[in-house]
Amino acid sequence: MPADTAPQQPNGDALLQVEGLKVHFPVTAGVVLQKRIGSVKAVDDVSFSLRRGETFGLVGESGCGKSTTALAVLRMLEPTAGRIVFEGRDITHLGAVKMRPLRRRIQMVYQDPFSSLNPRMRVRDVIGEPLVVHGLAKDKAAYRARVRELMDLVGLLPHMGEHYPHEFSGGQRQRIGIARALALSPSLVVCDEPVSALDVSIQAQVVNLLMDLQECLGLTYLFIAHDLSVVRHISDRIGVMYLGRVVEIAAGDALFKAPKHPYTQALLAAVPLPDPELDATRPHDLIAGEVPSARTPPPGCRFHPRCPQAMPRCKVETPPLVERDGAEVACHLYGG
Amino acid sequence: MDPAPLLDISGLCVSFRTDRGLVRAVQDVSLQVRAGETLAIVGESGSGKSVTALSILRLLGEAGRVDAGRIVFDGEDLLALEDRAIRAIRGDRIAMIFQEPMSSLNPVLTIGMQVAEPIRLHRNAPWKDAYERAGELLERVRIPDAAGRLGDYPHQLSGGMRQRVMIAMALACRPRLIIADEPTTALDVTVQAQILELLKELTRQANSALILITHDLGVVARYADRVAVMYAGSIVETAPARALYAAPAHPYTRGLMASIPSIDGAIGARLPTIDGQPPDLARLPPGCAFALRCPHVFETCRATPPALMEAGTAGHLRACHLDADAAGAAVQERT
């Protein structure tokens with residue numbers, strides 16, 4: 001490991017800390033002058049941290065900012081405000097040159113295994129390209145050996161390296177994407193909906209693979225998904241996002257057994273369980289309406305227009321994320 | 001099967017001519033739907049669930065061909081009808097809701113005109129009356145300020161609202177049968193719940209039948225009365241929803257249910273998987289299509305395709321050579 005990426009750990013075992021992260025996108029009008037007429041607050045004051053070796057799940061509906069948060073962590077988007085500390089270093093505004101060695105340590109697995117692989121490259125080169133880009137392949141033999149090792153790690157057979165991505169099924173393509181993400185031996189892997197494009201019988205194979213890899217390589221995952229049962233299965237802790245904010249963070253089991261935030265409760269009630277007997281025993285209370293635009297978010301608590309338990313103060317005061325019984329929740333029902 | 005079913009599909013076989021040869025997308029599919037009933041067809045991509053649905057309305061296109069079978073709706077064989085006669089049924093007595101509301105709505109027509117169109121077409125109503133009725137329909141699917149939204153274009157609505165418009169269109173002529181092909185797959189879960197509740201409520205009110213095509217076993221559990229599980233073009237199991245979940249009888253159904261993480265299962269445990277992947281429909285094995293992935297496979301499975309047969313309780317059928325008791329014991333051993 002190069003010296004400039006050596007971890008200095010002021011914060012115990014936190015691998016990644018995100019503090020007060022904001023990512024705002026300008027909304028402009030006009031073709032030539034591009035006058036700024038507002039902004040989309042895709043991520044607005046989000047804080048969480050990842051311990052080394054854990055899986056942190058991030059859930060929420062489309063537009064809640066979960067993918068934008070991930071892209072900011074990867075420094076593929078410039079944060080508007082806040083701090084991102086990775087392996088003890090503040091990387092929030094690190095320049096491209098200084099960021100480059102750190103990029104080896106944070107890799108990503110994408111949602112769509114069809115569009116995220118270059119169709120004109122053989123699988124071995126798709127997997128090996130990061131080694132070339134970062135100058136980590138000493139010679140051809142070492143390169144080949146590393147690619148073979150990576151393919152073996154994700155359960156691909158050696159001869160498959162000669163083929164092109166289109167010759168593979170969705171599940172196998174996702175294995176290729178995972179192998180590529182692991183090529184640089186990252187410590188943090190951001191998985192953005194890694195199984196949602198796959199068929200049910202294939203999802204379990206990929207979930208198992210991700211868990212096995214975590215165990216043998218000591219990986220830390222930031223796992224983004226909308227499928228709550230998959231997130232619960234793989235995550236140690238889960239953060240629930242709504243319209244650019246984190247509304248609740250709790251251990252996976254606690255979140256499902258005793259969801260605190262009314263939005264978390266509504267989200268859980270909306271997901272039908274694959275078992276009619278069990279499903280009938282759970283609340284089915286629907287929440288009305290849809291997620292409002294992030295350009296004009298409601299004041300106060302952003303969930304208040306849809307919240308069945310909204311109080312007058314919810315319309316004006318933004319609830320902070322506070323600790324309650326080992327979980328964190330941003331809701332006026334829990335004091336704070 | 002007391003009253004005659006509203007829809008009776010028997011021995012349906014559909015194939016597509018492709019560069020890779022003949023793809024047998026649907027093979028010998030038989031199923032019935034009664035008035036007021038919700039039948040879920042569940043399966044993974046390529047299982048033939050959508051092709052079965054498209055065959056009912058004869059929307060297969062140039063490449064697809066029905067090779068055998070009958071589709072009897074309300075006493076008429078839909079496959080034998082002339083084009084004009086089937087057009088009179090589409091959107092009138094049988095309506096369809098597609099997955100992606102943005103690509104199924106016409107982007108250059110207002111939603112009012114699109115909802116009014118089937119009423120004008122099938123009921124010969126003047127535009128003014130049809131338009132008024134469209135307003136009522138949008139209200140029924142709970143689009144806020146319905147009358148004011150008639151002049152909106154699809155792009156001005158959210159995904160959930162567009163799917164409500166699709167439902168309003170489908171309901172316009174009070175169909176006896178609604179076919180919804182993955183109606184909520186493109187939507188968020190809280191909106192999915194709203195749409196499915198709405199669909200269920202409105203079909204119940206009108207005593208219409210609903211065919212719900214989905215890959216989501218949770219949606220099936222909450223909204224279906226009966227379920228048909230499809231794999232590689234065939235129905236492998238069909239049963240009343242509760243019976244299916246209480247005692248899945250086909251190894252594929254069992255594998256599928258086991259592979260979904262449950263929300264009260266052990267966190268971090270390895271999920272049971274179905275090894276391999278579905279077969280190429282252009283090169284189907286001679287016997288059971290699931291044989292290659294089945295943990296209980298034996299000689300007969302590789303040679304002869306199994307037929308749907310009673311599996312224990314009434315109305316519960318499965319297509320599997322394995323003896324029912326042995327299957328139960330074997331699966332218990334494995335888990």
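Trainee: How many bridges join strand β1 to strand β4 in chain B, and which way do the two run?

Mentor: Keep in mind that this is a predicted model. Strand β1 (residues 7-18) and strand β4 (residues 64-73) of chain B are joined by 8 bridges and run antiparallel. To see one pair, find Phe16(B): its bridge partner in β4(B) is Gly64(B).

Trainee: Which strands make up the sheet, and in what order?

Mentor: Read across the sheet, from neighbour to neighbour. In chain B the order is β2-β1-β4-β5, an open sheet of 4 strands with antiparallel pairing. β2 (21-33) and β5 (76-77) of chain B each have a single partner strand, so they stand at the edges, with one side of each left without a neighbour in the sheet.

Trainee: Over in chain A, which strands pair with β8(A) in the parallel sense?

Mentor: Take them in turn. Strand β3 (residues 55-59) of chain A pairs with β8(A) over 4 bridges, in the parallel sense. Phe56(A) is the residue standing opposite Leu222(A). Strand β7 (residues 188-192) of chain A also pairs in the parallel sense with β8(A), over 5 bridges, and here Leu188(A) stands opposite Thr220(A).

Trainee: What do β7(A), helix α6 and β8(A) make together?

Mentor: Follow the chain from strand to helix to strand. With helix α6 (residues 200-217) of chain A, the two strands make a right-handed β-α-β unit.

Trainee: Why is β8(A) described as largely enclosed?

Mentor: Look at burial, residue by residue. In strand β8 (residues 220-224) of chain A, 5 of the 5 residues are buried, so the rest of the structure largely encloses it. Thr220(A), Leu222(A) and Ile224(A) point one way, Tyr221(A) and Phe223(A) the other, and all are buried.

Trainee: Which residues have the most contacts inside the largest nonpolar core?

Mentor: Here's the general idea: in soluble globular proteins, nonpolar side chains tend to be buried together. In this model, the largest nonpolar core has 188 residues, and those with the most contacts inside it are Ala179(A), Leu222(A), Val115(B) and Ala168(B). Helix α7 (residues 159-171) of chain B gives the most to this core, with 8 residues. Try Ala168(B): beyond its neighbours within four places in sequence, its contacts are Val115(B), Leu137(B), Leu138(B), Arg140(B) and Val141(B).

Trainee: Is Ala125(B) buried or partly exposed?

Mentor: Count the C-beta neighbours. Ala125(B) has 16 of them inside 10 Å, so it counts as partly exposed. You'll find Ala125(B) in the loop between α4 (111-123) and α5 (127-140) of chain B. Past four places in sequence, Ala125(B) is in contact with Ile119(B), Arg120(B) and Ala130(B).

Trainee: How compact is chain A for its 336 residues?

Mentor: Compare it with the globule rule. The radius of gyration of chain A is 21 Å, close to the 20 Å that the rule gives for 336 residues, so chain A is as compact as a globular protein of that length. Chain A has 10 helices and 12 strands, and buried residues make up 45% of its 336 residues.

Trainee: And how many residues does each chain bring to the contact?

Mentor: Read the two sides separately. Chain B gives 36 residues and chain A gives 34 residues. On the side of chain B that touches chain A, α8(B) gives the most, with 7 residues. The residues of that side divide into 16 nonpolar, 14 polar and 6 charged.

How values were computed. Residues numbered from 1 in each chain as written. Chains lettered and ligands numbered in written order. Predicted model: local features only at pLDDT ≥ 70, side-chain atom pairs only at ≥ 80, totals over all residues. Contact = placed C-beta atoms within 7 Å. Nonpolar A, V, L, I, M, F, W, Y, C, P; charged D, E, K, R; others polar. Core = buried A, V, L, I, M, F, W, Y, C linked by C-beta atoms within 7 Å. Buried ≥ 20, exposed ≤ 12 C-beta atoms within 10 Å, placed from the backbone. Pairing = 2+ DSSP bridges. Right-handed = clockwise from strand over helix to strand, strands pointing away. Rg over C-alpha atoms; globule rule 2.2 N^0.38 Å.
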